[in-house]
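Let's take a walk through this protein together, from the inside outwards. Have the sequence and the 3D view open side by side as you read.

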Amino acid sequence: MPERLAETIVALWTPLIILWITLPTCVYMAPMNQAYTLSTGSPLELGRQSEELRILNRSKRGWVWNQMFVLEEFSGPEPILVGRLHTDLDPGSKKIKYILSGDGAGTIFQINDITGDIHAIKRLDREEKAEYTLTAQAVDWETNKPLEPPSEFIIKVQDINDNAPEFLNGPYHATVPEMSILGTSVTNVTATDADDPVYGNSAKLVYSILEGQPYFSIEPETAIIKTALPNMDREAKEEYLVVIQAKDMGGHSGGLSGTTTLPVTLTDVNDNPPKFAQSLYHFSVPEDVVLGTAIGRVKANDQDIGENAQSSYDIIDGDGTALFEITSDAQAQDGVIRLRKPLDFETKKSYTLKVEAANIHIDPRFSGRGPFKDTATVKIVVEDADEPPVFSSPTYLLEVHENAALNSVIGQVTARDPDITSSPIRFSIDRHTDLERQFNINADDGKITLATPLDRELSVWHNITIIATEIRNHSQISRVPVAIKVLDVNDNAPEFAAEYEAFLCENGKPGQVIQTVSAMDKDDPKNGHYFLYSLLPEMVNNPNFTIKKNEDNSLSILAKHNGFNRQKQEVYLLPIVISDSGNPPLSSTSTLTIRVCGCSNDGVVQSCNVEAYVLPIGLSMGALIAILACIILLLVIVVLFVTLRRHKNEPLIIKDDEDVRENIIRYDDEGGGEEDTEAFDIATLQNPDGINGFLPRKDIKPDLQFMPRQGLAPVPNGVDVDEFINVRLHEADNDPTAPPYDSIQIYGYEGRGSVAGSLSSLESTTSDSDQNFDYLSDWGPRFKRLGELYSVGESDKET
């Protein structure tokens with residue numbers, strides 16, 4: 001500790017001594033045990049009250065000095081003396097007082113107002129504040145009047161090496177490619193020192209590596225880190241930890257230091273080829289596996305990482321290159337072997353493949369390390385599986401004539417079991433493809449027969465599906481499409497292609513073509529249609545018409561003469577025989593209707609009716625229709641006009657002088673009366689206890705016949721209408737034959753809790769002689785009239 005303090009004192013005072021020597025003015029250096037003195041005449045001046053000052057021959061000023069120095073971080077038991085203020089005006093009578101103001105005056109720096117001594121009362125830190133500007137002044141002790149103008153001076157805080165270097169930009173991390181050459185730059189890290197970089201070596205840093213050798217080195221002054229070994233391999237070691245030290249004082253003993261840690265990672269380069277984990281791989285696969293299924297995986301390991309480890313896989317040799325393929329899985333970095341074509345255990349039971357894995361991204365700098373690829377052998381064993389039947393052909397095409405006999409064989413399909421066991425096969429027809437059941441198949445030998453007659457003109461093609469099923473395992477089935485073409489036979493006679501109607505002009509010329517007709521045949525001969533036309537044998541010598549065959553297989557009808565007259569004969573019928581060229585040939589007779597019409601001079605048909613002769617000459621049918629339409633329109637207008645006039649003249653009310661009796665309206669509908677049972681619900685009148693019973697209603701029609709009344713004489717004017725209506729009403733009431741007829745309806749229930757019970761005598765269990773209705777008189781005024789009626793009835797029976 002004493003040695004370090006001595007070094008610090010030497011470092012601090014050496015530049016100060018040099019500064020004093022080089023000042024342009026004469027500076028007096030006080031001994032180490034004396035303080036700075038600021039002596040003034042008019043302004044404040046630094047000096048010493050000694051003999052040395054007098055030899056300068058200055059009358060008012062001593063040695064000029066406007067700076068003071070104080071060491072930072074001084075922590076003695078007493079305040080440190082920074083300097084002393086003194087004026088030449090002070091004779092020593094103690095009548096002068098010194099005043100200090102400015103930065104830190106009173107708080108950091110304190111002055112003795114009598115002696116002018118300035119002390120630092122606090123610990124100073126140059127890194128917080130490097131200098132303080134203060135103002136000193138001498139005043140009269142009693143009056144406080146300034147004896148001279150104030151003088152400004154500076155107190156500088158002298159730096160000591162009290163701050164260690166710091167790495168402020170951490171944490172650090174660096175990368176460098178593996179296999180780099182010697183001296184490859186990695187990164188640089190710098191530290192900062194808070195000490196004064198101008199004064200001494202407190203801030204002069206020197207860098208060194210404490211940990212991380214011999215792999216890395218550092219430039220002492222620039223702090224650039226470089227590789228110290230060539231060809232460092234990431235696969236051997238990927239992470240390195242480098243500890244860097246920064247030391248001040250130029251790295252000399254006694255300097256302060258700081259350290260930081262720098263992790264260095266070697267990045268990967270493609271310097272390693274892929275390598276299969278094994279040279280031979282074995283896989284097995286069932287023969288019925290679905291195409292595209294993954295059979296197995298092979299992987300070539302690569303010590304590199306990322307894209308440098310990516311490899312592509314290929315099949316370069318073997319007897320299964322056409323059946324198998326290999327694809328690269330970028331995620332798992334392996335090769336997936338898949339099936340391209342179907343396998344057959346009975347044909348070949350094993351395959352051998354040679355697989356190659358090669359790096360995709362190759363670094364040319366390391367191409368000399370060898371080929372960046374590797375090969376392996378893959379053996380694939382095919383396992384036997386229960387396979388469905390196999391047809392001898394993927395599709396079948398059969399032909400049959402449309403006149404083929406029922407149950408005749410159309411064709412045959414064959415299938416076999418490809419397995420070694422060779423199960424028998426059973427054949428059937430998928431009836432969804434043969435809804436009309438036109439075909440059958442022999443379940444044992446696969447022969448297809450005809451079940452119903454065929455007609456090529458209705459359907460030329462029949463597409464059915466045949467199913468083959470193993471007898472030993474019904475789940476193993478196969479299907480095959482069978483197309484059956486129906487061949488044509490000559491079974492349809494030719495006929496006219498359309499319904500023809502020919503028109504013959506009365507003013508036509510002999511040999512004029514009346515109509516051209518063509519024929520059609522539903523059959524389809526191989527060489528196309530060829531028709532023969534002829535007239536009936538009895539019509540060969542037809543005096544009116546003849547026929548002519550055209551090259552386009554059509555027929556023209558010609559007139560033999562002119563002078564046809566529709567008044568004599570309006571319509572001619574011409575039978576024509578049409579024959580085809582089939583084997584055997586078929587024929588039919590079609591009749592052509594020829595109408596005689598009136599034509600214009602240029603041959604345009606105008607009218608074909610006989611009645612057209614009565615029409616005025618020069619008027620066509622269109623003109624007659626237009627005239628008729630005009631007449632109908634005029635009639636409609638006249639009718640509308642008359643109707644509107646009639647409605648306009650009708651009175652809206654009945655005149656007062658008309659007799660009301662002239663407006664009597666008779667209504668024959670008198671209503672339903674008692675027969676109308678739909679107007680109300682009579683179910684509520686029935687006995688709820690016997691609600692399920694059926695009480696029929698009986699309408700009784702009287703047997704006697706009502707004699708019709710004699711017609712009444714007309715009512716003279718002036719007779720009262722009320723009397724007339726009453727007479728009619730009386731006649732209607734006394735007519736028993738007029739509906740509504742008397743109706744018997746049983747109301748057998750009068751309600752629960754009735755004292756009298758049922759009043760109906762129709763369902764009474766006793767006879768009329770047992771009934772006594774005298775008690776009705778005791779029920780009150782409401783039943784008095786009813787009691788009188790029944791009493792009268794009893795007395796009538798006795799009489």
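**Cysteines and their surroundings**

Start at cysteine 597, which counts as buried because its relative accessibility is 0%. Keep in mind that what you are looking at is a predicted model. Cysteine 597 is bonded to cysteine 608 through a disulfide, with the two sulfurs 1.8 Å apart. The torsion about that S-S bond is 100 degrees, and the link is right-handed. Cysteine 597 sits in strand E41, while cysteine 608 is in the loop between strand E42 (605–607) and helix H3 (621–649), so the bond ties together parts that are eleven residues apart in sequence. Cysteine 608 has a relative accessible area of 16%, so this partner is buried as well.

How many disulfides does a search of the whole structure find? There are two. Besides the one you have just seen, a disulfide joins cysteine 505 to cysteine 599, with an S to S distance of 2.0 Å. Here the torsion is about -85 degrees, so this disulfide is left-handed. It links distant parts of the chain: cysteine 505 belongs to strand E35 (residues 501–505) and cysteine 599 to strand E41 (residues 587–599), and the two are 94 residues apart. Are these cysteines buried or exposed? Cysteine 505 comes in at 9% relative accessibility, so it counts as buried. Cysteine 599 is buried too, at 15%. If you count the bonded cysteines along the chain, the pattern is 1-3, 2-4.

Now compare cysteine 630. Its relative accessible area is 48%, so this cysteine is partly exposed. The cut-offs behind that label are under 20% for buried and over 50% for exposed, with partly exposed in between.

Next, look at helix H3, where you'll find isoleucine 632. Isoleucine 632 is partly exposed because its relative accessible area is 46%. Together with Leu628, Val636 and Leu640, Ile632 makes a nonpolar surface patch of about 380 Å².

For a look at a loop, go to lysine 522, between strand E36 (513–520) and strand E37 (532–535). What does lysine 522 touch once its neighbours within four places in sequence are left aside? The contacts are Arg456, Glu457 and Asn492. Proline 494 is another residue to find from here: its C-alpha atom is 7.5 Å from that of lysine 522, although the two are 28 residues apart along the chain.

Now head for the largest nonpolar core, which has 24 residues. Phe276, Val298, Phe324 and Val378 have the most contacts inside this core. Several strands each supply at least two of its residues: E17 (280–286), E18 (294–298), E21 (324–329), E22 (334–339), E23 (350–359) and E24 (373–383). Zoom in on phenylalanine 276 and set aside residues up to four places away in sequence; among the residues it touches are Tyr281, Val298, Tyr313, Val355 and Ala376. Its contacts also include Lys299, Glu356 and Asp374.

Finally, zoom out to the whole protein. You'll count five helices and 44 strands. Of the 799 residues, 33% are buried. Among contacts with a separation of 6 or more, 66% are between residues 24 or more positions apart. The accessible surface comes to about 50300 Å², and 53% of that belongs to carbon and sulfur atoms.

Conventions. Residues numbered from 1 in each chain as written. Predicted model: local features only at pLDDT ≥ 70, side-chain atom pairs only at ≥ 80, totals over all residues. Heavy atoms only, no water. Core = buried A, V, L, I, M, F, W, Y, C linked by side-chain atoms within 4.5 Å. Buried < 20%, exposed > 50% of the residue type's maximum accessible area, 1.4 Å probe, protein only. Helix = DSSP H or I, 4+ residues; strand = E, 2+ residues; numbered from the N terminus. Contact = heavy atoms within 4.5 Å. Disulfide = S-S within 2.5 Å. Patch = residues over 30% accessible without salt bridge, like charges linked within 9 Å, V, L, I, M, F, W, Y side chains within 5 Å. Areas by Shrake-Rupley, 256 points an atom, 1.4 Å probe, with all protein chains shown as cover. Salt bridge = Lys/Arg side-chain N within 4 Å of Asp/Glu carboxyl O.
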